[in-house]
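Trainee: Could you take me through how a helix and its surroundings are read from a set of coordinates?

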Amino acid sequence: MKYRLLTKEQFENLHQEFARFLASQSIDVSEWNDIKLNKPQIAVNEMEIFSNIVWEDVLTKTSYIEHLSETTANFFKCDEHEIHRIAIQITWDINLLTQEGFEWLMQHPMDNSVEIFKGTKTYSAERNLEIFDLIEKGSALSKGDLYEYFNQLIS
């Protein structure tokens, strides 16, 4: 499998899309129920194929991701051939995972206790695999507002 199996919740949210996927392979509800019951490995294979299709679609459309921890914020812009990163490190006792801490950062982005770094690198593996790896490590899809805000601030 290229990515990972969608979670149960993700499958439930994509129930109609999964039904269309099965229908495109001429598998109706009764046949799917039979496959799940009598051929569980085939059912798993179908779910893996569908998961890969969904992940590939989502990752291809992804332009921004972000990752926050208590003292760091990482904002990524995912272009076709390279990924841009703005990394922010807070050097004093503030927790960016709280609303108060994050609001402090947004109100004091140029404070002496805020270090901002910017970098760009070419993908070392396939673009979507690198983005997927960042998501698996805790990054979340983003609209890019924070990346663009800090990019303008430091440019």
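Mentor: We shall go through one helix, then a core, then a pocket. This is a predicted model, in which local features need pLDDT of at least 70 and side-chain atom pairs count only at pLDDT 80 or more, while totals for chains, interfaces and linings use all residues. Residues are numbered from 1 along each chain as its sequence is written, and side-chain values use heavy atoms, with hydrogens and water left out.

Trainee: Which residues of helix H6 are buried?

Mentor: An α-helix has 3.6 residues a turn, so residues three or four places apart point the same way. In H6 (residues 127-136), the buried residues (under 20% relative accessible area, 1.4 Å probe, protein chains only) are Arg127, Asn128, Glu130, Ile131, Phe132 and Ile135. Helices here are DSSP runs of H or I with at least four residues, and strands are runs of E with at least two, numbered from the N terminus. Just after H6, glycine 138 takes a positive phi of about 115°.

Trainee: Which residues touch the most other members of the largest nonpolar core?

Mentor: In soluble globular proteins, nonpolar side chains tend to be buried together. A nonpolar core is a set of buried Ala, Val, Leu, Ile, Met, Phe, Trp, Tyr and Cys residues joined through side-chain atoms within 4.5 Å. Of its 22 residues, Phe18, Trp32, Phe50, Trp55, Leu59, Cys78 and Ile131 touch the most other members, and H4 gives the most to this core, with five residues.

Trainee: Which residues line the second largest pocket?

Mentor: Rolling a probe the size of a water molecule over the atoms shows where empty space is left. On a 1 Å grid over the protein atoms alone, a pocket is an open set of points where a 1.4 Å probe fits, with protein on both sides within 12 Å along at least five of seven lines, and lining residues have an atom within 4 Å of a point. Here the lining includes Phe76, Arg85, Lys121, Glu130 and Asp133, and E3 (82-90), E4 and H6 each give two or more residues to it.

Key: Buried means under 20% relative accessible area, exposed over 50%, partly exposed in between (1.4 Å probe, protein chains only).
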